[in-house]
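Q: I have a structure open in front of me and would like to learn how to read its features one at a time. Could we begin with a single residue and work outwards from there?

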Amino acid sequence: MMRFLLPAIVLCFGVLQLSAQFKVSGKVTSSKDGTELPGVNVTLPGTTVGTVTDANGVYSITVSSGTDTLSFSYISYTTQVVAVNQRTVINVALEPDATELGEVVITGFQEVDRKIFTGAAVSVKLADVRSSGLTDASQMLEGRVAGVTVDNVSGTFGTNPKVRIRGNTSINGDTQPLMVVDGVILEDLNQLTADDIITGNANTLTSSSIAGLNPDDIESFQVLKDASATALYGTRAKNGVIVITTKRGKSGQPRVNYTGNFSFHLRPTYNQFDILNSGDEMSIYREMYEKGLIDITTSVKAQNFGAMGKMFSMISAHEIPWGVNGSLNEEFLNKYENANTDWFDVLFKDYSLQQQHSVSLTTGNDKYNGYFSFGYMNDNGQSIADNVKRYSGTAKSTFFFNERLSLDLKLTGNYREQQAPGTQNRDFDPITGRYKRDFDINPLSYALNTSRSIRPYDDNGSLEYFRRNYTPFNILEELSLNFINITVNDISAQTDLSYNIRNNLTFKSVIQGRYAATKREHVIHEWSNQAEAYRSDDTQYIQDSNPLLYKDPSDPTAQPRIVLPEGGFNNVSDDNLRYFYTRNSLNWSHTIDNVHNISVLTGMELKYADRTSRRADGIGVVYENGGVVNTDPAMIDFLQQQGISTYALGEDHERFAGLFINTGYSFNEKYIFNGTLRYDGTNRLGKSKNARYLPTWNVSGAWNIDRESFFNLDSFDFLKLRATYGLTANLGPNTSALLNLKSGVTLRPTDVETYLFIEDLTNSDLTWEKLKEFNVGIDYSLYNNRISGTVDFYTRDCYDLIGPYQTGGIGGKEFKNGNYADMKANGFEFGINTVNVKFKDFSWLTSFNIGYTHDRITRLDYTPRIADAIVQGGAAVLGGPRRALFSTKFAGLNQYGIPTFEDAEGQPVFFYDLQDRDNLTSILKYEGPAEPRGAGGFNNIFTYKNFSFTVFFSFKFDYKIRLDDAFSPRYTDFNSLSKSFINRWVVPGDELITDIPVILDKQVLESAGNAEILSAYDLYNKSTVRVADGSYVRLKSVRLAYTFPSRWMNKIGATNAQLSVEGQNLWLLYSDKKLNGQDPEFFSSGGVALPQPKLITTAITIGF
Amino acid sequence: MNMIRKISIAILTLTSAASCDSFLETNPDNRVELDSPEKAAQLLTSAYSNGAYTFTEWMGDNVTYTTGTTILTEHIQSYMWDEITSINQDTPANFWTTTYEAIAAANEVLAVIDELPGDRDLKKAVAGEAYLTRAYGHFMLVSLFSKHYDPETADEDPGIPYVTEPETEFVKKYTRGTVEEVFEKVEADLMEGLDLVDPSYYANSGKYHFNREAALAFASRFYLFKGDLDNCIKYSSELLDSDPYLYIKDIRELLDQTANADAFIKEYSDPTDASNLLVCRQITNFPVNVGYWPSPNMISSFYGSNPWDENDVRVDQQYPIYLRGSGWTLAKNEFLFERSSLTSNVGLYYTIASLFRGEEVLLNRAECYALQNKLNLAVADLQVLVDMRYENEPTVTLTALKNYYGISNNFQATFTYIIEERRKEFIHEGLRWFDIKRFNLPVSHFMPGGTLQLTSEDLRKIMQIPQAAIDVAGLTPNPR
């Protein structure tokens, strides 16, 4: 390439030589602290002549005449134009830009002057949102940008928060915005949709790639919201884009910065939750005893039992006697009645330490800039079962070969080690409408769901066991024997080449290669309950009911037998990502007569991502014995007969190519017009050439009203009106336009063979999910930036959305994925920043933002089942929002205390057909959207001398939450109970005063034809009385910081130092009382999900 | 400038040309390409519907109002001959969609098999199996969702869509055609399949695929339903002629040789049993404790007496009987469970069902002989069955049959006996319903509120087209 370019360079120099007449030199400094500024652009406006300052801020330039002017421009500083006036030495002190980054919009493809940017974009500097306790950068945007909703559905490290920009653009597809780091799309380690994130399954911990990023390496976030801002991302931009720019080297003295954050987790307490104490629980267990639900026979064959069951089993084993006259052994029970175990105390750490250390070195001169950093994070975890360490390193070098050619080289890597409680994936049971997770030992779920009459330790202080899965169980022991180890290795290398072919023509090239390996190892030790459960066959009862025992089908006379005679499991999942990305572009910009500016950006993009996943289950691993493996062949038969394979291989390949062109015209920076056209192709739709390509486009304009001569309101510094209309798109979920055959192994007692089945039929009509958006916005700034902000209104037309569609079945698929739905949304965003008070020593700054989106499904060729619509996450129904929450209509308790519900005719019933699709809206009550429509934040910064104090609130509103399932036809003495049980139905007549259903007696439970009554309890959990308003206001963070005076710092050779204390998630200011402490943001799905912790953080920053 | 333009154009075209089509050809995941006859053969494993037409039992006259089982909406709807709105397993809609799913697999194979590289004989055998599965699927659908074949009206009676090519549109409209058209196409595919099928390519027992015996049994059923007696006899005889006893289960021996009930029902549908001509995995709750069942009285009235006054081994004391609430079942099918995950109690019940049994072919032929008034031949066939079903191998005579029914007509006595044997032999297997349709039998169902009647030519004997197929695919519903 150099061969072609050299003549061009020579040509340019020739021009320069010819017009050389006299030389000006000088030094450029910062007016703030007088430091020399290297790399400042010094140009002669209207010509191609220009240079940059050296490491000492010195420049030298040849001008054509003494009447020329010189322009000094430097990023983050206000450009100065100085007349030469026949001087040969001109020293300039540049003013730091008041809005700094705000002046430039970084789209990832280009950097555009804010004044001529026509899209809706908000820039956030990390320094302004850095919450010292947060370890994952994506969580920091909560409440910071109007229109961006961040739901921290789990506080466990590595889980992607659910981020949405302007609500939803897809019904079943991904709604997460595109994450771009330094111009390159950051692929997630595992591709999970927003619905997958809330499952609490182990793979959620390796969903986020952002989690590998050291937040201290980030310079800024740029949130691109409307179609114009995201236009250059074409077919991936539908959900908006978040561009992250990392820190880079600066010319000048080498600088070392250290940041240390020390956080303490505060553990949850019972007064946040609606749980009975052990005394009240025991009185309910006594009622269950009286009703015949727990007795000596049920206890012997119970899958799980607590104190009461333990008493019976010990009586049955003649270890303790009956009480007086064959009554309960009160002496035994009293110990548990008064136990009042504080499970949060047992399972959560009191002041667990989380530390983050980050050291960075910044250096540079006129030929070279460098940024190097190393970060270490160690979180001991909120609970005794989780912890994580992250090591991250970055080396970023910029080489300036000459004033035209520069090259960035970036190497980043991070390594993570994490431990999480062992978990299985959850299953949805369409019969009861509940999610089930077997062997769940999630500390939070355990604390919330386990009876307080169960004790972790016995009277002698040794571990005390109760029964779970027909086997002795102690949570402390189980957590130490059943856990998941996660390691993540993520390395990437990136080069950015920039070459000024001519002053107004630049060629840029970005190349990135990345490799990320994720490994999850689930250790199920041989002594863990989960392994021992395979070995419990103590009694005939247990033999008959333990589903983990194997009954040999070829020997019908055989007793169920153990198939895991020794050892536990070692289940390993490996996920690898190989990623390659390149983008090459040309940017041309030309100004005519100083008023007409035309710019063109054109280029191409290629993306290549290969993912492989491998799952292998080791069976019969004896950890105590050097990891020897003893697999019973019958175990393999046992698994095969149930269609379970112990090994799985997955592949995923993504190929993407795009061409783009963007042109802009601005008249005197007053009227701006912009247009973008992109043409993208992908392999995701299969080998179909029809569906593969899609053009997207966008037109936009802006009017800088403040530059009009008629507009002479002095109070306005800046006023811009802008409008956009354009098309963006995204690939939908499960998209394949061509026949998709998958292979499997037949599930039969004999004649096992490999076979193929049709996963998807050819769908020649398939196309991308699309979004047409119209946006009008105003950017304003008044009274010398004392008041500034933006207002946006938009309407979005999402169409060709992909989802399951019920066909007539004749073509061979009852349900097909295709473009089956449309959705309309409109909303507004409002953001305002004000400087309320500004004195020499004291200032008070406020920023407030709010965004609201109302979405409505306008076409949906498929209705969900009742079972789908009543779950926590809601379902898509025509005319409603993307996720509408429905409730069964509670019609009061009947004369026996059993809940009843209104059917379509308003008659009381116990039972709905949960598979019904046709009468959903007439049977169920629509409660509202299950996802917040509105969200925002309110921040206040007070500074007094060297102190600053920040209070930040975030809020969400207009949505409903399904309360956790608390009622069941059958309770055990293992499970905790809600406080509302105190008001439960006990005697006839209570139905007039209470809504809390009766505890069913044995007779009802075991009577024939009781299925409807039992289902009434499941419906009750999903009823109108089990819904709460989700709106909340949270005191997200409070921070007090002190900046040490520089005269102190100079004594120890430091340039700056700051100390701060911050509290996070301290107080839920407002939330629905019905939630009883249930965190409205958190989905208590068990598994590996833990709520966001309350954190107290001390942070120190020091620079040399 | 010119130079620069050239450079930029060169860079852009170089990089983008290299990309495009070939770059985007890569498969997005680990899907399988249908590019060899071996894979085509594997795809045909999916050409057998995993749906069951068990709802016909709950609609038919083999059950009564029993209690104590799990009764879902579809069970009540089947029993009351209401429109069955549920789409769960054991419903017409489920049978419809799973059968068309199986047909789609056959069509994908037939669409490409000629062009695939590979062994020609294997390709022929694969095509043969594909034709047979396609014919069988459509035949069972037309038998359930259309009027029984009547040569007088078949060219007017609405049939079901006969699909012969893969569906490539997202939403496709279909038309039903006539019963005559469907039967013509079934016959064509069946003959093509019979001609090509080559079971030497089947691995294992070959019973999970259309082997030649199963194809003959299918032809026997097809021509019986069509009323083509000669052809029915022809294909039945092709199967049975060597030794009819070979294809009749020896229940006595099965009972004596198996250790317990579990072992017996396992053997009953086992591929190694020669009477099981074609077996198939069906996802069904039928063998589990759901729906309506025959009452003990009903069982004793069915099996309590016979012209031979001998013990019927099908209700032998040793024969395993399951209690379904207040109902009884003669155990025939295993109920197996597929868990959604190892430790989960959520999953699907399935069973291994015999789609064709030798006994049916024998009774088909006997029926045809009777209808052709070749009563001695019919009696000979009946003798085979009677030997295997009744103690002491009683001799079948027309006199005994006439005496038993109190009928003087030889044909009528024989015919009545054949239909009765069909009912006894195939109880719980769903076949009785087709006899109810073929012979316009009325059905009455007891309900606590009053007895319900299904008249002999009741329109509700024709299953209604599933709602989704009416709404989305544009099919005309059956009259009600």
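A: Let us start with one side chain in this predicted model. Ser36(B) has a relative accessible area of 15%, which is under the 20% limit, so Ser36(B) is counted as buried.

Q: Where in chain B is Ser36(B) found, and which residues does Ser36(B) touch beyond those up to four places away in sequence?

A: Ser36(B) belongs to the loop between helix H1 (2-23) and helix H2 (37-43) of chain B. Once residues up to four places away in sequence are set aside, Ser36(B) touches Leu116(B) and Pro117(B).

Q: Is Leu409(A) buried, partly exposed or exposed?

A: The relative accessible area of Leu409(A) is 37%, and for that reason Leu409(A) is classed as partly exposed. Leu409(A) sits in strand E21 (residues 405-421) of chain A, and, not counting residues up to four places away in sequence, Leu409(A) touches Ala395(A), Lys396(A), Ser397(A), Phe399(A), Gln494(A) and Thr495(A). To give a sense of scale, the C-alpha atoms of Leu409(A) and Ser1007(A) are separated by 74 Å, with these positions 598 residues apart along the chain.

Q: How should I read a small sheet, and what is the strand order of the one that contains E43 in chain A?

A: A sheet is read by following its strands from one edge to the other and asking how each pair runs. Here the open sheet has 3 strands in the order E42-E43-E44 (chain A), with antiparallel pairing. Strand E42 (890-893) and strand E44 (908-909) of chain A each have a single partner strand and stand at the edges, so one side of each has no neighbour in the sheet. The antiparallel strands E43(A) and E44(A) are joined by 2 bridges, and Glu902(A) has Pro908(A) in E44(A) as its bridge partner.

Q: What surrounds Thr900(A), and is this residue buried or exposed?

A: Thr900(A) lies in strand E43 (residues 899-902) of chain A, and its relative accessibility is 8%, so Thr900(A) counts as buried. A polar atom of the Thr900(A) side chain lies 2.8 Å from the backbone oxygen of Gly892(A). Leaving aside neighbours within four places in sequence, the contacts of Thr900(A) include Lys889(A), Phe890(A), Asn894(A), Pro908(A) and Phe910(A).

Q: How do I read salt bridges, and how many are there over all chains?

A: The general idea is that side chains of opposite charge can pair when their charged atoms come close. Over all chains, the whole structure has 94 salt bridges. In one of them, Asp779(A) pairs with Lys720(A), with the closest N and O atoms 3.9 Å apart. Asp779(A) is in strand E37 (residues 769-782) of chain A and Lys720(A) in strand E34 (residues 716-730) of chain A, so this pair ties together parts 59 residues apart in sequence. Both Asp779(A) and Lys720(A) are buried.

Q: Which parts of chain A does the pair Glu1081(A) and Arg1034(A) tie together?

A: The side chains of Glu1081(A) and Arg1034(A) meet in a salt bridge at 2.9 Å, N to O. Glu1081(A) comes from the loop between strand E51 (1056-1071) and strand E52 (1094-1103) of chain A, while Arg1034(A) comes from strand E50 (residues 1032-1043) of chain A, so the pair ties together parts that are 47 residues apart in sequence. Both Glu1081(A) and Arg1034(A) are buried.

Q: What salt bridge does Glu187(B) form, and which residues of chain B are linked in a network?

A: Glu187(B) forms a salt bridge with Lys226(B), where the closest N and O atoms are 3.2 Å apart. This pair links distant parts of the chain, since Glu187(B) is in helix H7 (residues 179-196) of chain B and Lys226(B) in helix H8 (residues 212-226) of chain B, 39 residues apart. A network of salt bridges links residues including Asp312(B), Arg314(B), Lys332(B), Arg357(B) and Glu421(B).

Q: Finally, how do I read the interface, and how many residues does each of chain A and chain B bring to the contact?

A: One reads an interface by its residues, its buried area and its polar pairs. Chain A brings 97 residues to the contact and chain B brings 81 residues. About 7,500 Å² is buried between chain A and chain B, with 61% of that area given by carbon and sulfur atoms. There are 5 salt bridges between the two chains, among them the one in which the side chains of Arg692(A) and Glu25(B) meet at 3.1 Å, N to O. The interface also has 21 residue pairs in polar contact, both residues being at pLDDT 80 or more. On the side of chain A that touches chain B, strand E31 (residues 647-667) gives the most, with 9 residues, and by class that side has 41 nonpolar, 32 polar and 24 charged residues.

Terms used. Residues numbered from 1 in each chain as written. Chains lettered and ligands numbered in written order. Predicted model: local features only at pLDDT ≥ 70, side-chain atom pairs only at ≥ 80, totals over all residues. Heavy atoms only, no water. Contact = heavy atoms within 4.5 Å. Buried area = accessible area lost by both parts, 1.4 Å probe. Salt bridge = Lys/Arg side-chain N within 4 Å of Asp/Glu carboxyl O. Polar contact = N/O pair within 3.5 Å; in protein donor to acceptor, adjacent residues only side chain to side chain. Helix = DSSP H or I, 4+ residues; strand = E, 2+ residues; numbered from the N terminus. Nonpolar A, V, L, I, M, F, W, Y, C, P; charged D, E, K, R; others polar. Buried < 20%, exposed > 50% of the residue type's maximum accessible area, 1.4 Å probe, protein only. Pairing = 2+ DSSP bridges.
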